[in-house]
Amino acid sequence: MRAWGGASALVLAVVFTPSGAEAQDANAARSALRAGEYQDAIEAFEDVLRDQPGADQARIGLMDALLATGAYEEAVRVGQAGPQPRAVAHRTGEALELLGRLDEAEQAYGEGASSGGPWALTSEVALAELRFARGQIDDAMERFDRFIDVYNQADGSLGSRDLTAVGRAVRYLGRTNSDLFQDALRAFDEASRADPTWLDPVVRTGNLFLEKYDSPSAKAEFQRALAQNPRHPGALLGMAKSLIFDGGPGSRDVLDQLLEINPNHAEARALVAEELLTNERPLEARREAEKVLTVNPRSLVALTALAGAYLIADDVEGFQRTRGRVLEINPRYADFDLTLADLSAKTRRYQQAVDRAQAAVALDPASWEAWGLLGMNQLRIGHIEAGRANLERAFEGDPYNPWFKNNLDLLDTFERFDARETDHFELFLHGTEADLLANYLAPIAEEAFDSLSRRYGVEPDLPVRAELYPSSADFSVRTLGEAGLGALGVSFGRVLVMDSPSARQMGDYNWASVFWHELAHTFHLAMSDNRVPRWFSEGLAVHEQRQAREGWGHQPTLDFVAALRENRLKKVSELNDGFMRPDYPQQVIHSYYQASLVFELIEDRFGFDAIRRMLDGYREGRTTEQMFETVLSLPIQEFDEEFDDHLRRRFAGPLAGMARIGDPPGANADLQAVRDFARAHPGDLLTRLRLGIMLYREGALGEAEEELRAALRIFPEYGGPDSPYWFLALIHRDRGEPERAEAALARLNALSESNYQALLAQAEVLEELGRTEASARVLDKAVLVWPYDLDLHARLATLHATLGNLQGAVRERGAIVALNPADKADAYYRLAVAQEQAGDLRGARRSVMGALEIAPNYEDALELLLRLRGSGS
């Protein structure tokens, strides 16, 4: 959500009007500067200054080029060496500030402000910004406030430089009056129109848009600047921040480009460090921060990154020492704790995020983003009312923030939800489906809790709050603050949230399996004190799904095998990047399955106790590398090689079957072309599968079966939507071979957790075969995919009653009532009959009264009521 911030964006432009002998060389230098050819500009401006030492605008241009390339010391030397240092004091101040020489920077800005020259207002606003950055907020705000009068009294006579200074000041004033952000935007826009060749106001406009969460408008401004100067550091930084804001790819490439231009760019290195910290790579992040601190030991963004590295590594002493350094520089620097609150949330340390956000608002009560982060993370740990109150406070201060508004809008809907309590859970379900889902979710939840607590030997904080949302957008807002999250569920620890099955299309996923997965995270976070890396917890959670039920969890796919064959999967030692920095669109999904196989292998080889000990090790602050050494007695690099060998042995068949051995027929090829290719290349998995499906559709069942079984011999674990098992089941059904059809469907459903049609088909065949109990078991599995099918519940109610499973019959009749059928009176009556048969006479009476409220003359219901009264119920 939040990009790492710091001092104001570097001003990289020069506005001057050379005259006389210096004009030609100065114009060439200025053109090079504006084009981003900084070395050429440096040489050209030096030539001008050798001939004209008093050419102040050439000196400013040289300093701009030096600042753009990170030559800060040289920029100071150039600024102080001229005959009129006050004329370039605003640039000297920038260079000194970037070196951390803050007292000297203040002095330089003060001299520039009092000079009365063309950059006086620029120096004055820079001085106010520096005072703000040193914690002298009240003084800074008074200085900023003066710029309102500057603008109003100028009556339209301000030039581009002074309008930009006004915009900079008014932007800060917006922290206590959000309407003033529009005035800042107007000032920057006027500045840009006054001098279209000067990119500083353009970049600042982009930064302001991004600060107010309008990434598309921000990127348009940065692109506008980069069209003129593709190497403009401020525009490149803004573009990288925009890409990070959007959560898409490409930000690292832009940052690398910026750091190639200026290897000392503090904010760029801080952004790189943030990415590394989010990926739980604190040592690398620390190195990035230290590169900045060798140049500027007082860089707040670098010190924040360094503290983040200590925080992720659980080095409390290092963290506190670094925080102390920060507060010596700026005793009100809320962005330090704000940034680390965001980092803590991104690394699933939600209580720590609350603690850091509380520290931020204590330093600066006007840090609206900190209040919002505090509220959002309080919601994540189940402190709903406190979270709401802090989000309301944040939104009052910053009404532009969409995350605050989205969360508050969602909280307003909570009155429509029902809370259902079980031994270990608070189930938070939408009122329209609470009666339906609670009857299925409660037993699954308790079974999962009992299973996982026995397996891990611990219990998380209770009760576990499970929220299911019938809108994917609402689930996404609850998780991130905005719509668009592609996941199905998220565990924050004691609170887990997920899509209700009604939020998705029929057959999209198995909601019970996802619940088990998320609850496994709750145990992993509890055992590791929220220190477990994402790859470890995700892989282990999928492994737990497969331990719970056959067919649950991620299964091998054709895409996965192709990625393995093409060496696109991450090594185990780099597997966190498969989740956090995927190289291709499917890599996150592949990483789930790949990571689950890591734990399958570890448990088979070392026992489950090794996994528990590794979780304990994360709680104690040890790294993954240390865990492999100490728990498995195996360096992780050796495990990388062994695991890769393991995968290639396990998938040897499909790997060979997907090797490219020719040019397969195109998508529109006819049957004969595909048959000819299959005959020429009998080991080609995809062609044998394709041919089998084509033959089935042509009605050539015998040939189709031969091709499909050939495909299965190559890849027997494939249970995707075009699995050979599905088409074999259809073939056997068409040929009147129910036993063989059921066997194919059973195998398919053992490889897929959410193939709703295959489950219904298997249940139907089992019923035809007279295997009523097995048919009921399969239909029970179908409910865990899609619980909204009235016919499914009616079939199950009949089957359970026939089998003598009276409680099962009651559950299914209750589900039909909860689904609000057209004849609800009949549904209530049938529920009452099932309850009577199960011995729940009070429940039966309530249900029959429900029928009679709808249909007072319902004879069967009246007779049942009389019978119940006669029994004394």
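## A polar contact at Glu267

A polar contact of 3.1 Å links the side chain of Glu267 with the side chain of Lys241, in what is a predicted model. Glu267 itself belongs to helix α15, which covers residues 266-278. With a relative accessible area of 10%, Glu267 counts as buried, because the cut-off for that word is under 20% relative accessible area.

## The order of the sheet

Elsewhere in the chain, 5 strands come together in an open sheet, and their order across this sheet is β1-β2-β3-β5-β4, with mixed pairing. The edges are taken by β1 (417-421) and β4 (489-491), and since each of these has a single partner strand, one side of each is left without a neighbour in the sheet. On average, neighbouring strands of the sheet are turned by 15 degrees against each other, if direction is ignored.

The edge strand β1 pairs with β2, which is made of residues 425-430, in the antiparallel sense, and this pairing extends over 5 bridges. When Phe417 is followed across to β2, its bridge partner there turns out to be His430.

## Helices against the sheet

Helix α24, formed by residues 434-456, packs on the sheet and touches β1, β2 and β3 (464-469). The direction of helix α24 makes about 150 degrees with the direction of β2.

Helix α25, formed by residues 472-480, lies across β3, β4 and β5 (495-499). For helix α25 the angle is given relative to β5, to which this helix runs at about 150 degrees.

Methods:
Residues are numbered from 1 along each chain as its sequence is written. This is a predicted model: local features need pLDDT of at least 70, side-chain atom pairs count only at pLDDT 80 or more; totals for chains, interfaces and linings use all residues. Side-chain values use heavy atoms; hydrogens and water are left out. Two strands pair if DSSP finds at least two bridges between them. Helices (H or I, at least four residues) and strands (E, at least two) are DSSP runs, numbered from the N terminus. Axes are lines fitted to C-alpha atoms, for helices over the stretch in contact, and angles run from 0 to 180 degrees between N-to-C directions. Contact means heavy atoms within 4.5 Å. Buried means under 20% relative accessible area, exposed over 50%, partly exposed in between (1.4 Å probe, protein chains only). A polar contact is a pair of N or O atoms within 3.5 Å; within protein, one must be able to donate a hydrogen and the other to accept it, and residues adjacent in sequence count only if both atoms are side-chain atoms.
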